[in-house]
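Trainee: Please pick one part of this protein and take me through it slowly. I'd like to see how you read it, step by step.

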Amino acid sequence: MSSTPFDLVIRQARVATASDVFEADIAITDGRIVQVGHGIAGGVREIDARGRVVTPGGVDAHCHLDQPMPSPMRMADDFDTGTRAAACGGTTTVIPFAAQEKGQSLRAAVDDYHRRAKGKAHIDYTFHLIVSDPTEDVLTRELPELIQEGYTSFKIYMTYDDLKLDDGQILDVLSVARAHGAMAMIHAENADCIAWLTKKLESVGRTAPRFHAHSRPMLVEREATHRAIALAELVDVPILIVHVSGREAVEQIRWARAHGLQVFAETCPQYLFLTAEDLGIDDSYQGASCVCSPPPRDKKNQEVIWNGLIDGLFTVFSSDHAPFCMDGTEGKRPDGQEVKFSHIPNGIPGIETRLALLYSEGVLGGRLTLEKFVELTSTNPAKAYGLHPRKGTIAPGSDADLVIWDEGEFKITNDRLHHAVDYTPYEGMTLKAWPGLTLAGGEVVWDGRDFHARSGQGRFLTCGKPTLRAPRA
Ligand code: URP
Ligand code: ZN
Ligand code: ZN
């Protein structure tokens with residue numbers, strides 16, 4: 001046995017993984033976990049974690065940072081502020097999106113996104129691709145090459161004019177995923193129904209933020225979810241439906257699972273903690289702060305989402321952090337104007353609050369086991385996107401990305417958060433837990449009070465193939 005002390009030993013932690021909760025010491029050297037067990041030898045530094053839960057650092061597999069937007073809109077968070085906020089909320093790996101604009105090569109989108117991230121990230125990161133223009137060259141050369149290089153997941157959209165694919169294009173792109181073993185993420189909402197409803201609403205002056213929810217009712221998500229499943233079945237390829245908001249989409253996914261299809265599903269905090277009323281009960285513009293797609297539904301749908309988290313319907317729990325300010329000209333008031341709902345940038349911030357919301361209301365609220373919490377927030381996202389076991393677990397050989405939890409009373413106020421967005425949808429909520437310490441690659445990046453990381457400390461990760469199977473319903 002070596003007499004060289006470990007860099008760091010965490011003592012008497014209540015270690016939580018996706019399969020077990022047990023008491024142990026954790027030894028770390030050179031940024032990696034090297035031992036987990038009892039009576040581990042000394043470290044240069046030691047942390048007493050007696051009685052405290054230690055989980056793997058969160059993997060936020062769906063967040064948007066510095067994604068190019070049509071002018072005048074701009075995302076408030078870049079790789080500096082976005083990864084800082086993530087670390088302070090216990091997340092140690094982020095997977096935002098290198099988005100292809102129509103007419104742009106996928107490679108150009110990836111190169112541009114690397115430039116945006118370079119030297120800025122405080123925690124490790126990788127990219128999903130967004131495929132919006134599946135030309136012959138993209139399908140036969142660019143996408144296969146990029147998958148080969150370690151960009152093994154991509155998102156496709158069934159809505160948004162600048163991003164959406166038609167069914168034939170979706171089949172083409174899914175065929176590439178099948179041939180090369182990539183994970184396809186699908187934003188499932190029916191674009192034509194949304195456009196038709198939007199026109200009807202606007203023609204009678206229903207333009208306030210709350211009508212965003214009326215323009216995207218559950219059935220447009222249900223129909224698109226069903227269609228996405230059918231297209232994937234035709235190609236015989238696994239898919240992951242992102243940001244599932246309520247019962248009717250959940251039913252489609254249960255049906256697919258019951259038929260043996262490999263359909264994975266993601267949900268997000270906004271579908272547990274917000275409702276359509278947060279978009280406004282009158283025509284006030286404040287509701288723009290909660291405009292996102294699909295929109296939050298109602299209390300009954302929140303229960304359906306909780307049940308899906310408990311019973312294994314959902315594979316991953318992501319933030320879908322899409323950071324736009326309320327004030328200023330680049331966010332929810334483009335050019336400083338209170339615009340029609342259809343012109344409000346979609347998305348809400350949540351990269352820092354994701355884990356604490358689920359830990360507090362799920363684990364400490366008695367709904368979720370600690371193992372399930374870890375599976376949804378860290379292990380499964382790492383497996384779905386080819387990062388496991390480097391990420392997503394606490395085991396010898398894994399990166400020393402860890403969260404030590406504090407329990408108590410924690411009130412969410414935007415001035416305590418670290419993103420660059422000027423609001424949080426969860427303002428005033430009191431939680432029962434918050435990350436007391438975040439370690440990324442063995443270094444303390446958040447100590448419960450202060451943020452310590454250096455810009456550029458985060459490394460770009462190439463991804464392997466997904467290693468996940470959906471349970472049969
Ligand atoms: O409204 C949302 N979810 N905005 C972010 C983009 C997306 O579709 O995930
Ligand atoms: Zn989406
Ligand atoms: Zn998103």
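**Charged pairs, and where the domains meet**

Mentor: Let's start with Glu-46, which is partly exposed, with a relative accessible area of 38%. Keep in mind that we're looking at a predicted model. In this model, the side chain of Glu-46 forms a salt bridge with the side chain of Arg-11, at 2.8 Å from N to O. Now look at where the partners sit: Arg-11 belongs to strand β1 and Glu-46 to strand β4 (residues 43-48), so this pair links distant parts of the chain, 35 residues apart. Arg-11 has 18% relative accessibility, so it counts as buried, the cut-off being under 20%. One partner is buried, then, and the other is partly exposed.

The general idea is simple: side chains of opposite charge can pair when their charged atoms come close. This structure holds 38 salt bridges, so let's try a couple more.

Next up is Asp-60, in strand β6 (residues 58-60). Its side chain meets that of Arg-354 in a salt bridge, with 3.9 Å between N and O. This link also spans distant parts of the chain: Arg-354 lies in helix α11, Asp-60 in strand β6, and they are 294 residues apart. Both partners are buried. Asp-60 counts as buried because its relative accessibility is 0%.

What else surrounds Asp-60, if we skip its neighbours within four places in sequence? Its contacts are Thr-91, Thr-93, Val-94, Ile-95, Ser-318, Ser-319, Ile-351 and Arg-354. Ser-319 deserves a second look, as its side chain is joined to that of Asp-60 by a polar contact of 2.6 Å.

For a pair between two helices, go to Arg-107 and Glu-149, whose side chains meet in a salt bridge of 2.7 Å, N to O. Arg-107 is in helix α2 (residues 106-117) and Glu-149 in helix α3, so they tie together parts that are 42 residues apart in sequence. Arg-107 is partly exposed, with a relative accessible area of 25%. Glu-149 is partly exposed too, at 38%.

While you're at helix α3 (residues 136-149), find Ile-147. With 2% relative accessibility, Ile-147 counts as buried. Leaving out residues up to four places away in sequence, Ile-147 touches Thr-152, Phe-154, Val-176, His-180, Ala-182 and Lys-465.

Salt bridges can also join up into a network here: Arg-32, Asp-124, Arg-390, Lys-391, Asp-399, Asp-401 and Arg-459 are linked that way.

Now zoom out to the domains. The chain is divided into domain 1 (6-56 + 393-446) and domain 2 (58-377). Their centres, taken over C-alpha atoms, are 27 Å apart. Domain 1 puts 38 residues into the contact and domain 2 puts in 46.

How much area is buried between domain 1 and domain 2? It's about 3200 Å², and carbon and sulfur atoms give 68% of that. On the domain 1 side, His-418, Tyr-423 and Tyr-426 supply 20% of the area buried against domain 2, more than any other three residues.

What about charges across this interface? The rule finds 1 salt bridge there. There are also 13 residue pairs in polar contact across the two domains. On the side of domain 1 that touches domain 2, the elements giving two or more residues are β1 (6-16), β5 (53-56), β16 (402-411), β17 (430-440) and β18 (443-446). Among these, β17 gives the most, with 9 residues. Sorted by type, the residues on this side of domain 1 divide into 23 nonpolar, 7 polar and 8 charged.

Finally, two backbone oddities to hunt for. Most residues other than glycine have a negative phi, and most peptide bonds are trans. Asp-66 has a positive phi of about 45° although it is not a glycine, and it sits in the loop between β6 and α1. That loop also holds Pro-72, which a cis peptide bond joins to Ser-71, with omega about 5°.

Terms used. Residues numbered from 1 in each chain as written. Chains lettered and ligands numbered in written order. Predicted model: local features only at pLDDT ≥ 70, side-chain atom pairs only at ≥ 80, totals over all residues. Heavy atoms only, no water. Domains from an automatic or database assignment. Contact = heavy atoms within 4.5 Å. Buried area = accessible area lost by both parts, 1.4 Å probe. Salt bridge = Lys/Arg side-chain N within 4 Å of Asp/Glu carboxyl O. Polar contact = N/O pair within 3.5 Å; in protein donor to acceptor, adjacent residues only side chain to side chain. Helix = DSSP H or I, 4+ residues; strand = E, 2+ residues; numbered from the N terminus. Nonpolar A, V, L, I, M, F, W, Y, C, P; charged D, E, K, R; others polar. Buried < 20%, exposed > 50% of the residue type's maximum accessible area, 1.4 Å probe, protein only.
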